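Subject: The structure to look at

Hi there,

Here is the structure I promised to pass on. Have a look at it first, and then read my notes below with the viewer open.

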Amino acid sequence: MDEDYILIGKVVGAHGVRGVLKVLSYTESPDSFKALKAVWLKDKAGGLQEFRLESAGVKGKVSLLGLSGVDSRTKGESFIDSAVYCPKKWLEELPADEYYWHQIIGLTVRLEDGSALGKIKAIFPTGSNDVYVVENGPKEHLIPAIEDVVVNIDLTNKIMTIRLLEDLLNMNDI
């Protein structure tokens, strides 16, 4: 995938007869699509195709996107399972010590003593804080994204350093 684009959703269906796409948003809010001028859909061959955004709304847990050139239910259904992207350069600058999920997923997690815990494979929100899913082979650890645990994030070297709180991990599992 081109490093200039970021995955922001997946087409999960068509809505109505005019080809509006139902998109499962990978952004913090399904409303995020309203700020975009266009989206890129990954076709079956792996290429990206740009579509001007004509409308964007939210229905339940999905975003509804009206795209230029997608004007029938049949055409909309042809994009089911397509990944939805936008250029990274369109992302807002974040304050210091805040990160986009795509910057965090894939980081190697190390303990303060330098030992490796695994790699971040996913993030899920819990309401009070995000939780990092760290995998090391068949083992999986859930790490809260809180100041008391996350000591440092080094995007240049792709390393997150964490401090173990009492009972955070079963030390026999490391």
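Before you start, please keep in mind that this is a predicted model. I have sorted my notes by topic.

**The strands and their hairpins**

A good place to begin is strand 12, residues 159–162. Strand 7, residues 108–111, pairs with strand 12 in the parallel sense, over four bridges. To find this pairing on screen, look for L111, whose bridge partner in strand 12 is I162. Strand 12 also pairs with strand 11 (residues 150–154), this time antiparallel and again over four bridges. Here I153 is the residue to look for, as it stands opposite M160 of strand 12. Strands 11 and 12 make a hairpin, with four residues between them.

Now go back to strand 7 and follow the chain the other way round the sheet. Strand 8 covers residues 116–125 and runs antiparallel to strand 7, joined by three bridges. In this pairing V109 faces G118 of strand 8. Strands 7 and 8 form a hairpin with four residues between the strands, where G114 has a positive phi near 95°.

Strand 8 has a further antiparallel partner in strand 9 (residues 130–136), with six bridges between them. One pair to check is A122, which stands opposite V133 in strand 9. This hairpin also has four residues between its strands, and G127 in the turn has a positive phi of about 110°.

**Two residues with an unusual backbone angle**

Why look twice at a positive phi? Because most residues other than glycine have a negative one. Two residues here are worth a click:

- K158 is not a glycine, yet its phi is positive, near 60°. You will find K158 in the loop between strand 11 and strand 12.
- D81 is not a glycine either, and has a positive phi of about 80°. D81 belongs to the loop between helix 1 (73–77) and strand 6 (83–87).

Are these two buried or exposed? K158 has a relative accessible area of 54%, so it counts as exposed. D81 is exposed too, because its relative accessible area is 57%.

**On the surface**

Next, turn to the nonpolar patch formed by L7, V12, L24 and Y26, which together have about 320 Å² of accessible area. L24 sits in strand 2, residues 20–25. With a relative accessible area of 37%, L24 is partly exposed, because that value lies between the cut-offs of 20% and 50%.

Another residue to visit is G69, in the loop between strand 5 (62–67) and helix 1. G69 has a relative accessible area of 55% and is therefore exposed. How far apart are G69 and F51 in sequence and in space? They are 18 residues apart along the chain, and their C-alpha atoms are 7.6 Å apart.

**The largest pocket**

Last comes the largest pocket, with a volume of about 1600 Å³. It is lined by 44 residues, and those closest to its centre are E28, L94, Y99, Y100 and W101. Several elements each give at least two residues to the lining: strand 1 (5–15), strand 6, helix 2 (101–104), strand 8, strand 9 and strand 11.

Enjoy exploring, and write back with any questions.

Best wishes

Terms used: Residues numbered from 1 in each chain as written. Predicted model: local features only at pLDDT ≥ 70, side-chain atom pairs only at ≥ 80, totals over all residues. Heavy atoms only, no water. Pairing = 2+ DSSP bridges. Patch = residues over 30% accessible without salt bridge, like charges linked within 9 Å, V, L, I, M, F, W, Y side chains within 5 Å. Areas by Shrake-Rupley, 256 points an atom, 1.4 Å probe, with all protein chains shown as cover. Salt bridge = Lys/Arg side-chain N within 4 Å of Asp/Glu carboxyl O. Buried < 20%, exposed > 50% of the residue type's maximum accessible area, 1.4 Å probe, protein only. 1 Å grid on protein atoms, 1.4 Å probe; cavity = no way out; pocket = protein on both sides within 12 Å on 5 of 7 lines; lining within 4 Å. Points joined across faces, edges and corners; volume = space filled by probe spheres on them.
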